[in-house]
Amino acid sequence: METEDPAREIAELRREIDRHDRLYYVEAAPVISDREYDRLLKRLGDLEAAHPELITPDSPTQRVGGAPIESFRTVRHAVPMLSIDNTYTLDEVREWDARVRRGLTDGEAVRFDVELKVDGVAVSLRYEGGSLVLGATRGDGERGDDITSNLRTVRGVPLTLADDPPDLLEVRGEVYMTNSELVRLNQGRKAEGLPPFANPRNATAGSLKLLDPRLCGRRRLMFVAHGLGEVRGLDASSYEQVLGLIRRWGIPVSPHNACFDAIEAVIEHATTWESKRHELDFQIDGLVVKVDDLGQRARLGKRSRSPRWVIAYKYEAEQAITKILGITVQVGKTGKLTPVAELEPVPLGGTVVRRASLHNPDEIDRKGVRIGDSVVIQKAGEIIPQVVRVEADARDGSEVPYAFPDRCPSCDSPVERIPGEVDVRCSSPASVCPDQLKEWIRWFSHRDAMDVDGLGEKLIHQLVDKGFVHSLGDLYRLDEQTLADLDRMGKKSAANLVRALEESKHRTLDRFLTGLTIRHVGIRIAEILARRFGSIESIRHASLEALEAVPEVGHVVAASVREFFEDGANQALLDDLLAAGVSPQPLPELQAADGLPLAGKTFVITGTLPHRSRPEAEALIKRAGGKVTGSVSKNTSYLLAGAEAGSKLEKARQMNITVIDEAELERLAGGG
Ligand SMILES: [Zn+2]
């Protein structure tokens, strides 16, 4: 504690701490550990306690000086905090570019600044004479809450500005929380029996609303600047210059900001970040694109409540952090075993997520997933949520490594791994493995295969669990009485199902082949084989050479088809189905568009596709012989869905229409 000149040491410590704050928050290049930083802060606090006359409000020790308050004072923003128009497709961004150009002189060059749209809470910081005098929430844009005492606890918010700041400066920016801090915070809350925050934004908003700044100070909130309010004595002609100055004065500016001279470069940047954003330790929900030139901004002006010179492009998928409670293994229709993470339920993109796919045992090893881990999950398109990564720093030692079972969870047969493949399978056929049989029946009766109306998942489970169905052939031996006695059935639906099964006996050969689940034989290959061979007898006896000779089939598919039909159990299954009256029909004669891969298929397109515009996708479908219509109906074969798909997707799901993405379309259409 002894020091010859306390005033001098205090001043040095403050400078040193400010320097480290700046290195940490502005330069993102800290040179000392958190522990060393805390030691400096403690030394300063001790000195100030011994010499209270030397304490000043801008001392780093005074960040958390305020006592709890009763309520927040409402303050009027000197310059309103306007909202930003959102767009959800890249075409809308292009349209915005065109509007901007129409608002300026013909041929005038426009430069764009692109910022990550950090998912946090927007605030305004007011500095007078270089000192922080007010921090406020956005509120309704005109008036917000005075949360200065809480914002002072955010280490990235400088209490005093460095390097000759202007007389008056209002900086707008985002307060946010990192994913890892949310995990840490939620662990503490759980220990205290408090509900966890669902996402970093909620946690940030909740923290800034705390009336006791000491509590807010315990949560490590971050700040990043993204604009200006009222200013006096600032000399800049472009936003890029403004950001350079803000950074020089010691206020954090995102290192990910970028500048472009053309909208297509902006769009490429936006596309890159759509996947790259998951590498960040904080959440962004899009990008903000701004006209760089401040003079052009003034000429463009604003429209009601949003400026014309800025637009937000929002990404679709969202991420959430939750906990893995356990890992279960699902058995697929061909015996493939898929590990599934059972999650602590968490809201994500409008639904509550309880499970996420872990794909295969290698994936679990690669991601290092343990039971009890905090993980980042994400929804991508139509697929069920995925585990993006483990928050390994959040481990407390209670996590349990997962050992993939060596026996099938459904039938207890040993699991097997096909050399060279990542998938693990049940070694028994579906006749022995109930879960496998259930999934197979589900697929066999699917709209794309035998199209058996009324054979739902719950009914299939009952039929298998109660021992009425041991094979696909047993389906055709079900009688009305047996079905009517099942839960939730009744005479009428039993009669309907028997009729639907009867009708399905005469489906076309391609549908029958699809329903058999021969590896590598999907809807399209099934159709090619059906056209080439004409009958099931002809296909089951086709030689490897004959199969390989079919265009687009190739060795892998041919070998898989041979293997399927040479298998004794499959031969018995086939004989049984044929004996039960199943009689696959040859495909109708080729018409003009026939022979093309999408002949006879009707598509509806919704949402934004990753690579093609809508007209491009339509052209692809038409070239391949398909049709495109505007609305989903019972005649729709496929719904092609991209990002931000809306009511059409909902309707297609209700009608059990197959939903595909752009990659799947390319496969169906034969490589585009
Ligand atoms: Zn099994």
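The exercises below work through a predicted model of a protein chain, each with a solution in steps.

**Exercise 1. Overall layout**

Describe the extent of the protein chain, its secondary structure, its domains and the share of its residues that are buried.

Solution. Begin with the outer dimensions: along the principal axes, the C-alpha atoms occupy a box of roughly 100 × 65 × 50 Å. Next, count the regular elements, which come to 25 helices and 26 strands. Then turn to the domain assignment, which divides the protein chain into domain 1 (6–64), domain 2 (74–314), domain 3 (319–401), domain 4 (434–504), domain 5 (509–579) and domain 6 (602–669). The C-alpha centres of domain 2 and domain 6 are 37 Å apart. Finally, consider burial and contacts: of the 672 residues, 47% are buried, and among contacts with a separation of 6 or more, 68% are between residues 24 or more positions apart.

**Exercise 2. The zinc site**

Identify the protein donors of the zinc ion and decide which geometry they form.

Solution. The first step is to list the donors, which are the SG atoms of Cys408, Cys411, Cys426 and Cys433, at 2.2 to 2.3 Å from the zinc ion. The second step is to examine the angles that these 4 donor atoms subtend, which run from 98 to 119°. Four donors count as tetrahedral if all angles lie between 85 and 135 degrees, and the arrangement around the zinc ion is therefore tetrahedral. For comparison, the ideal angle for four tetrahedral donors is 109.5 degrees.

The third step is to place the donors in the sequence, where their spacing reads C-x2-C-x14-C-x6-C. Cys408 and Cys433 are 25 residues apart and link distant parts of the chain, with Cys408 in the loop between strand 20 (400–401) and strand 21 (415–417), and Cys433 in the loop between strand 22 (424–426) and helix 12 (434–444). Both Cys408 and Cys433 are buried.

**Exercise 3. Annotated positions**

Locate the residue that the UniProt annotation "active site" covers, and list what it touches.

Solution. The annotation, from an unreviewed UniProt entry, covers Lys117, a residue of strand 3 (residues 112–118). Leaving aside residues up to four places away in sequence, Lys117 touches Asn86, Gln283, Ile284, Asp285, Gly286, Leu287, Val288, Ala312 and Lys314. Lys314 also appears in the "binding site" annotation of the unreviewed UniProt entry.

Now examine how the residues under the UniProt annotation "binding site" are distributed, and compare the burial of Asp38 and Glu174.

Solution. The unreviewed UniProt entry gives this annotation to Asp34, Arg35, Glu36, Tyr37, Asp38, Ser83, Ile84, Glu115, Arg138, Glu174, Lys290 and Lys314. These residues are spread over 281 residues of sequence and also in space, with up to 41.3 Å between C-alpha atoms. Among them, Asp34 and Tyr37 belong to the lining of the largest cavity.

For the comparison, Asp38 is in helix 2 (residues 34–50) and is partly exposed, because its relative accessibility is 45%. Glu174, in strand 7 (residues 168–176), has a relative accessibility of 11% and therefore counts as buried, the cut-off for burial being under 20%. Beyond four places in sequence, Glu174 touches Val118, Gly120, Val121, Ala122, Met222, Phe223, Val224 and His226.

**Exercise 4. Positive phi outside glycine**

For His359 and Thr517, state the phi value, the location and whether each is buried or partly exposed.

Solution. Take His359 to begin with: its phi is positive, about 70°, although it is not a glycine, and it lies in the loop between strand 16 (351–357) and helix 11 (361–367). The relative accessible area of His359 is 29%, so the residue is partly exposed. Thr517, also not a glycine, has a positive phi near 55° and sits in the loop between helix 17 (509–515) and helix 18 (523–533). With a relative accessible area of 12%, Thr517 is buried.

**Exercise 5. Helix 13**

Work out which residues of helix 13 are buried, what covers them and which residue follows the helix.

Solution. Within helix 13 (residues 457–465), the buried residues include Leu459, Ile460, Gln462, Leu463 and Val464. Their cover includes helix 12, helix 15 (480–484) and helix 16 (490–504). After helix 13 comes Gly467, which has a positive phi near 80°.

Technical notes. Residues are numbered from 1 along each chain as its sequence is written. This is a predicted model: local features need pLDDT of at least 70, side-chain atom pairs count only at pLDDT 80 or more; totals for chains, interfaces and linings use all residues. Side-chain values use heavy atoms; hydrogens and water are left out. UniProt positions are given in the numbering used here, feature names are shortened, and annotations may be inferred rather than shown by experiment. Helices (H or I, at least four residues) and strands (E, at least two) are DSSP runs, numbered from the N terminus. Contact means heavy atoms within 4.5 Å. Buried means under 20% relative accessible area, exposed over 50%, partly exposed in between (1.4 Å probe, protein chains only). Donors are N, O and S atoms within 2.8 Å of the metal (3.2 Å for Na, K and Ca); water is not among the atoms, so sites may look incomplete. Four donors count as tetrahedral if all angles lie between 85 and 135 degrees; four count as square planar and six as octahedral if opposite donors are over 155 degrees apart and all others between 65 and 115; anything else is irregular. Domain bounds come from an automatic or database domain assignment. On a 1 Å grid over the protein atoms alone, a cavity is a set of points where a 1.4 Å probe fits but cannot get out, and a pocket is an open set with protein on both sides within 12 Å along at least five of seven lines; lining residues have an atom within 4 Å of a point.
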